[in-house]
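Ready for some practice in reading a protein structure? Take a look at the sequence and the model, then work through the exercises one step at a time.

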Amino acid sequence: MPQRADVVCIGAGIIGLAVARSLARRFGQVDIRVVEAEPRPAVHQTGHNSGVIHSGLYYKPGSLKARNCVAGRKRLLDYCDRHAIPYEICGKLVVATDPAEVPRLDELERRGRANGLAGMERLPPERIPEFEPHATGVDALWVPETGIVDFKAVARAYADGLEAAGVSLHLRTRVTGVAPRPGGVVVETTAGEFEAGHAINCAGLQSDRVARMAGLDPDVRIVPFRGEYFDVVPERRHLLRSLIYPVPDPRFPFLGVHLTRRVDGSVEAGPNAVLALKREGYDRRSFDARDAWSSLSYPGFWKMALRFWKVGISEMARSGSRARFARDLRRFVPDLRNSDLMPGGSGVRAQALDRKGNLVDDFAIETSPRMLHVLNAPSPGATASLAIGDTLADRAAETFRL
């Protein structure tokens with residue numbers, strides 16, 4: 001027999017869990033089910049997250065990303081305090097290594113101040129070692145509100161809270177079809193059918209496919225990009241006090257390699273960004289014919305590739321190359337040696353790409369009968385998860401009239 005619910009949330013990454021949490025807190029006795037294909041929550045993007053608590057520096061003032069990041073960061077820290085989840089507000093140094101980057105650093109500072117960031121400080125070259133003794137550059141911006149946390153631990157706490165509140169998590173339950181019906185929607189899964197009044201699609205790497213199952217023809221497709229990391233060997237972790245980032249170039253789609261501390265004391269270098277031929281493909285050998293065809297047959301992918309082919313070749317050349325990683329990192333940490341890096345982990349970014357070849361830069365939420373679809377939840381999605389959850393709950397209240 002079909003299981004009945006008021007709302008089904010598809011996906012138990014940190015966004016799906018936060019949405020279910022917001023719905024449960026707002027609507028009380030509403031019967032909410034979370035369905036997840038994997039055997040535990042937060043397996044994919046959340047589970048491979050770099051762990052950075054973003055401050056809101058990069059995002060266009062007034063955008064959904066900017067508003068949700070600033071509000072979500074404050075709520076995340078309060079949540080971690082209440083649930084004894086370790087984190088550290090260690091700060092971040094954004095380093096310009098060439099005079100041509102200084103105007104872009106000016107723009108970052110302007111955005112940060114417009115987004116309400118406190119305590120930022122511009123550093124001339126001679127002051128950079130006060131904050132990062134092994135860093136060098138022609139100019140820098142200190143961003144003290146950036147931090148680090150284990151987002152898997154945050155997601156586990158969300159899941160535990162949901163179960164304590166009576167929300168059912170259905171793991172090993174892959175969605176195979178979505179059928180809107182008069183007065184509701186049927187979510188077909190490998191564990192049977194769920195008859196619900198409404199559904200919210202937070203399926204991450206599979207979100208566009210779930211949307212198409214529901215009859216929506218979104219103007220975007222998920223094209224997965226794998227980010228590959230190296231780890232700094234333990235005896236050289238002292239090269240980093242906080243986080244060190246390059247100045248992003250707005251002409252290009254990816255940030256560039258950087259150095260990131262983690263709450264367990266390790267230090268990551270990366271990531272680069274290369275096309276993944278499997279949506280959940282975490283190494284270079286991963287391949288899925290359906291996923292590869294989905295990307296390579298999409299006109300938007302080729303339009304993007306033609307625009308950024310030089311960047312793409314550079315990223316592919318750096319893929320797995322310790323020497324290239326180290327060379328790029330030495331731009332702002334000259335003391336870093338090739339031998340300081342050892343192979344690390346990887347993650348896959350669910351990048352929404354439109355038909356014109358543009359990488360969708362902000363959160364993208366669309367509707368179909370009885371459903372909301374989160375079709376793009378880029379960084380700072382994890383940092384902003386509690387705020388995004390409330391944004392989706394507000395949208396659900398308006399759209400579904402819960």
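## Getting to know the protein

The protein has 11 helices and 20 strands. Keep in mind that this is a predicted model.

## Exercise 1: Overall shape

Work out how the radius of gyration of the protein compares with that of a compact globule.

**Solution.**
- Step 1: Start from the chain, which has 402 residues; a compact globule of that length would have a radius of gyration near 21 Å.
- Step 2: Now look at the protein itself, whose value is 21 Å, so the two agree.
- Step 3: Add the dimensions: along its principal axes, the C-alpha trace spans about 70 × 45 × 35 Å.
- Step 4: Turn to the interior, where 56% of the 402 residues count as buried.
- Step 5: Finally, consider contacts between residues at least 6 apart in sequence: 73% of these join residues at least 24 apart.

## Exercise 2: Looking for disulfides

Find out how many disulfides the structure holds, and explain the result for Cys9 and Cys80.

**Solution.**
- Step 1: Recall the cut-off: two cysteine sulfur atoms must be within 2.5 Å to count as a disulfide.
- Step 2: For Cys9, the closest cysteine sulfur belongs to Cys202 and is 5.8 Å away, so this pair is too far apart for a bond.
- Step 3: For Cys80, the closest cysteine sulfur is in Cys90, at 14 Å, which is again too far for a bond.
- Step 4: The total for the structure is zero disulfides.
- Step 5: Check the surroundings too: Cys9 is buried, with a relative accessible area of 0%, and Cys80 is buried with 1%.

## Exercise 3: Two packed helices

Describe how helix 2 and helix 5 pack, and decide whether they are roughly parallel or roughly perpendicular.

**Solution.**
- Step 1: Locate helix 2 at residues 64-82 and helix 5 at residues 151-164.
- Step 2: Their axes are 11 Å apart and form an angle of about 75 degrees.
- Step 3: Angles of 65 to 115 degrees count as roughly perpendicular, so helix 2 and helix 5 are roughly perpendicular to each other.
- Step 4: List who meets whom: Leu76, Tyr79 and Cys80 from helix 2 meet Phe151, Val154, Ala157 and Tyr158 from helix 5.
- Step 5: Sorted by class, this contact has seven nonpolar residues, no polar ones and no charged ones.

## Exercise 4: One histidine

Is His170 buried or exposed?

**Solution.**
- Step 1: Find His170 in strand 9, residues 168-170.
- Step 2: His170 has 16% relative accessibility, so His170 counts as buried.
- Step 3: Beyond its neighbours within four places in sequence, His170 contacts Gln3, Arg33, Val34, Val35, Glu36 and Phe194.

Terms used: Residues are numbered from 1 along each chain as its sequence is written. This is a predicted model: local features need pLDDT of at least 70, side-chain atom pairs count only at pLDDT 80 or more; totals for chains, interfaces and linings use all residues. Side-chain values use heavy atoms; hydrogens and water are left out. Buried means under 20% relative accessible area, exposed over 50%, partly exposed in between (1.4 Å probe, protein chains only). Axes are lines fitted to C-alpha atoms, for helices over the stretch in contact, and angles run from 0 to 180 degrees between N-to-C directions. Helices (H or I, at least four residues) and strands (E, at least two) are DSSP runs, numbered from the N terminus. Angles under 35 degrees count as roughly parallel, over 145 as roughly antiparallel, 65 to 115 as roughly perpendicular and the rest as oblique. Contact means heavy atoms within 4.5 Å. Ala, Val, Leu, Ile, Met, Phe, Trp, Tyr, Cys and Pro count as nonpolar, Asp, Glu, Lys and Arg as charged, and the others, Gly among them, as polar. The radius of gyration is taken over C-alpha atoms; the globule rule is 2.2 Å times the number of residues to the power 0.38.
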